[in-house]
Amino acid sequence: MKQERIGVYVCHCGSNIAGTVDVGQLSSWAADALEKRGVVVARDYKFMCSSLGQELIKSDIVELSLTRVVVAACSPHLHEKTFRTACQQAGLNPYLMEMVSLREHVAWVHSDKALATQKAKALISGAVERVALHEPLDPISVPIEATTLVVGAGISGIQAALEIADAGQKVVLVEREPSIGGHMAQLDKTFPTLDCSACILTPKMVTVGSHPNINLLTWSEVEAVDGFVGQFTVTIRKKARYVREDVCTGCGICMEKCPSKLIDQVYEAGLGYRSAIYRPFPQAIPKYPVIDKANCIYFQRGKCKACQLFCPTTPNAIDFEQEDQILQLTVGNIILATGYDLFDARRIPQYGYGRLANVFSSLEFERLCNAAGPTEGKILLRDGVSQPESVGIIHCVGSRDRNYNNYCSAICCMQSLKFAHLVKERTGAKVTNFYIDIRTPYKDYDEFYQHVLQEKVEFVRGRVAEVTDAARRPGEEGKLIIQVEDTFIGKQRRIPVDMVILSAGIEPRHDSKEVSRKFGISCNGSGFFTELHPKLDPVATMSKGIFIAGCAQGPKDIPASVVQGAAAAARVLGTIQQKSLDLEPVLAQVIDQKCSGCRICSNLCPFNAIGFDLERQISTINPALCQGCGTCVSACPSHAISGTQFSTEQILAQLHGLLAESFNGNGARTQSPAFSQAELV
Amino acid sequence: MNQNSKPKLAMYWASSCGGCEISTLNIGENILAVDELFEIAFFPCIADFKVKDVEGYPDGYIDVCLFNGAIRNSDNQEMAELLRRKSKVLVAFGACAHQGSIPALSNLTSRAATLETVYLDNPTLDNPQGILPNTQYEADEGLLELPTFFNTVRSLGQVVPVDYTIPGCPPEPHQIWTVLQAVAAALLQGAELPPAGSIIGAGTVAVCKECTREKEEKQIGRYYRPFEIVPDPERCLLSQGIICMGAATRSGCGALCPQVGIGCRGCYGPPDGVDDQGAAMISALASVMDTTYPTDNGNSLEQQIDTLIDTLADPAGTFYRFSLANAVLGRARQPASPVHK
């Protein structure tokens with residue numbers, strides 16, 4: 001075999017690497033010691049990633065006819081692309097370059113310079129052995145279908161859909177509830193500006209409903225996702241509304257006449273009624289109601305049809321024969337903005353929610369405050385008539401609590417301060433907030449806190465132990481008593497109030513893990529979707545073409561949700577603009593003639609790239625879905641799956657190089673053993 | 001055909017059970033054809049030959065030597081070296097010669113511990129003086145010598161260069177017959193031999209290819225030992241939690257064991273391209289552990305995995321039953337201390 005001509009480039013990274021590794025010695029060692037293994041040049045330079053550093057590599061490739069390049073610098077996560085591009089510009093296939101992570105794997109984790117330099121030598125030795133076996137690769141190009149699927153039509157999904165639609169591209173917006181709007185549509189005021197939530201949200205909802213580029217599918221759910229970036233095939237179930245959207249005018253007479261009234265647990269948080277044929281709220285988009293089959297007298301008992309009888313349109317808009325529709329659409333990109341579930345305060349029994357009448361959840365309180373809510377905006381106790389004279393607001397309910405969720409829900413402090421202000425403003429009651437820490441970052445948030453302080457709202461620092469109606473002292477009778485350790489004075493306190501509001505935290509959707517599997521993305525331990533990079537790529541995911549936005553990614557408030565919706569839209573528009581996308585060719589491949597069809601790999605792929613050809617009884621890998629993670633490669637007991645750029649030969653060569661240098665040529669065993677005399681006899 | 005122009009065949013056993021010879025004789029009446037095609041030069045199982053006979057042959061006299069058994073002691077090694085010298089083509093025959101097989105499992109312990117188990121610490125023994133074998137004994141007739149019992153068992157290929165390997169414990173008779181016919185055709189009619197180093201008399205892919213059980217996606221929540229479960233007759237055994245090495249084992253046997261409800265033991269060694277059979281299987285099983293979390297029983301994920309692994313009896317003996325001598329694992333580093341009573 002013709003020996004490769006390898007160039008080794010050692011980066012100082014300023015003092016990041018040079019401070020811990022003897023870079024000069026390293027490059028002269030590489031030039032001498034590795035010469036017989038194909039190294040024809042080795043250099044060190046202050047910043048290899050700079051244009052001058054890259055120039056060094058490029059001119060060597062041309063002048064010294066290099067066939068392989070090893071760059072010993074930082075993690076490939078940072079600059080692999082930089083150096084690949086440099087190789088390509090000099091006419092060398094970019095995949096014939098290998099990086100050694102001297103900064104992250106050596107300099108940052110060691111202090112002994114001599115030992116660190118020795119380790120650096122071992123790593124470079126491994127890389128030289130490996131790079132000789134690299135193969136030139138070409139990226140795979142896939143065309144991008146311009147239509148985008150947005151799942152979830154809360155504020156984040158609405159923002160994403162509008163950004164893309166306004167840019168002239170088609171959007172399919174899927175929402176599983178009868179109306180768009182999400183949680184924001186249930187809120188009264190938004191912090192810190194105290195804008196009316198509906199006033200700022202409904203214009204956007206109306207725009208979505210009438211936008212020529214948005215295909216709005218409410219009362220619908222995504223059932224399956226196939227394919228890959230640029231060419232996803234999504235199957236959507238459009239549930240039967242039993243109301244014909246083409247003729248319904250949304251007049252609402254059917255809802256008035258419906259004799260089946262039930263408590264509305266969703267939109268009104270259990271504080272109001274709705275009929276069996278309903279739309280969640282008057283400004284709902286779309287305006288067409290749906291029939292809740294489980295509570296409809298006709299569907300349950302076969303008689304009634306009041307809605308049909310009173311429907312004034314011709315032809316009649318009520319259609320009891322309607323069936324679920326299954327739609328199949330092709331989309332190029334997907335944005336998941338599936339939102340959150342509110343922490344169910346019943347899970348903390350000592351706070352009494354669901355047991356003590358005047359303990360309210362934050363959502364209930366939002367409905368109480370809302371002018372369109374059950375009390376028309378009056379803050380009243382559960383009896384519906386009396387106004388509280390004292391109110392306790394408990395922060396961090398279900399958040400920052402190792403029994404429930406460790407994380408901070410990000411909205412509860414500001415939400416609680418908003419509640420305190422609204423109670424003060426509307427009732428003049430004495431308000432006490434119980435908090436662990438007050439967290440008010442972002443624009444104008446802390447100013448709001450200062451303002452609430454000036455309204456003489458009291459603050460007790462300490463986690464509430466219990467809310468009880470068992471009076472022990474005079475003045476506690478008929479009240480709810482909040483038992484708390486006031487950590488500022490170091491004492492237990494019992495504070496009697498008329499009303500308790502539990503500022504419940506944000507949780508991932510109950511089915512977020514199922515959704516993540518369906519779309520081939522991953523979740524963190526709590527169930528929030530995982531972004532590609534927590535800082536630098538917060539809306540992309542490990543699956544190309546699938547983006548995340550809003551609370552599905554982690555707890556956040558409205559402004560942050562809007563920002564993410566817009567950011568995801570920008571990313572999608574970017575790929576649409578390109579018309580086609582180059583995919584990384586570092587992939588797993590099934591070697592057909594080696595595959596025995598054992599199906600060990602069948603359900604391993606986090607990206608759903610592995611299929612099974614029933615006819616040939618062998619596994620297959622969809623190259624456009626494969627992200628080259630290597631899970632299946634290491635699992636295959638027949639070594640019938642090969643990882644491009646991570647073949648067994650390449651990995652063993654790297655180990656040989658690495659161990660040869662670590663043990664001065666001794667002790668490396670990567671193949672069947674040759675026993676020593678001492679072991680033998 | 002002139003007796004002398006017939007190719008010379010030898011078959012020898014080192015550290016083995018004799019099953020390879022039985023399997024060879026199991027080719028049925030074809031054994032007569034073997035006698036017709038070959039001149040038997042050395043075959044202690046069926047004919048009276050002495051080592052002196054072999055020593056007397058010129059080097060390369062034997063055309064094909066089928067060598068079964070592992071290298072357990074100095075006699076095995078001497079015979080391997082002798083037969084290598086006297087044979088044109090040396091074939092590692094069967095799992096012991098191929099990768100050490102059952103004898104090599106003693107590499108998980110030491111010579112001292114093995115001898116102690118065999119001669120001292122065994123309920124069926126009667127050895128009150130605690131006599132252990134010596135390599136030399138002064139008898140009235142003179143000095144008697146026994147071979148040295150090695151600390152480490154090796155495969156044939158680790159002792160002398162091997163031309164071909166026929167895997168299996170034992171190799172299947174129809175495979176043996178096919179190979180013998182091919183060898184005869186090569187020697188007598190000049191047919192082309194497979195490239196040196198090949199594994200012959202076997203398939204190239206894994207046993208699953210030959211197994212007719214229904215293959216399914218796998219997620220294993222616990223393992224069953226054979227007595228703990230009656231396997232479903234249609235479904236893949238591994239999917240049912242029964243350890244079946246088929247996925248990491250070379251085909252060629254016709255998937256005999258799994259077809260009758262016994263998990264493949266792995267006797268044909270790893271398929272083409274796999275160096276370490278046990279590691280390949282362990283890696284595969286680790287990938288299909290049921291790590292659904294949260295668990296139904298309230299266990300932590302770690303506990304769940306530990307419980308699952310606890311149902312797996314004797315991992316080294318299971319995954320390396322036939323391949324320990326050649327495994328990257330090597331041997332137990334420290335001689336295990338003898339068991340004290």
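Start with strand β32 of chain A, residues 610-613, where the side chains alternate. I610(A) and F612(A) point to one face and are buried, while G611(A) and D613(A) point to the other and are not. That's the textbook pattern: in a regular strand the side chains alternate between the two faces of the sheet. Keep in mind that this is a predicted model.

Now look at what sits beside that strand. β32(A) pairs with strand β33, residues 618-621 of chain A, in the antiparallel sense, and four bridges link the two. One of the residues we just met turns up again here: D613(A) has I618(A) in β33(A) as its bridge partner. Together β32(A) and β33(A) make a hairpin, with four residues between the strands. If you check the backbone angles in the turn, Q617(A) has a positive phi of about 55°.

Next, head to another strand of chain A. Y45(A) is in strand β2, which covers residues 39-45. Is Y45(A) buried, exposed or partly exposed? Its relative accessibility is 26%, so Y45(A) counts as partly exposed. As for its surroundings, once you leave aside neighbours within four places in sequence, Y45(A) is in contact with V10(A), C11(A), H12(A), S50(A), L52(A), G53(A) and L56(A). Take V10(A) from that list: 35 residues separate V10(A) and Y45(A) in sequence, yet their C-alpha atoms are 6.5 Å apart in space.

Finally, zoom out to chain B. Its domain assignment gives domain 1 as 3-103 + 153-189, domain 2 as 113-150 and domain 3 as 207-319. Taken over C-alpha atoms, the centres of domain 2 and domain 3 of chain B are 40 Å apart.

How values were computed
Residues are numbered from 1 along each chain as its sequence is written. Chains are lettered from A and ligands numbered from 1 in the order in which they are written. This is a predicted model: local features need pLDDT of at least 70, side-chain atom pairs count only at pLDDT 80 or more; totals for chains, interfaces and linings use all residues. Side-chain values use heavy atoms; hydrogens and water are left out. Buried means under 20% relative accessible area, exposed over 50%, partly exposed in between (1.4 Å probe, protein chains only). Contact means heavy atoms within 4.5 Å. Domain bounds come from an automatic or database domain assignment. Two strands pair if DSSP finds at least two bridges between them.
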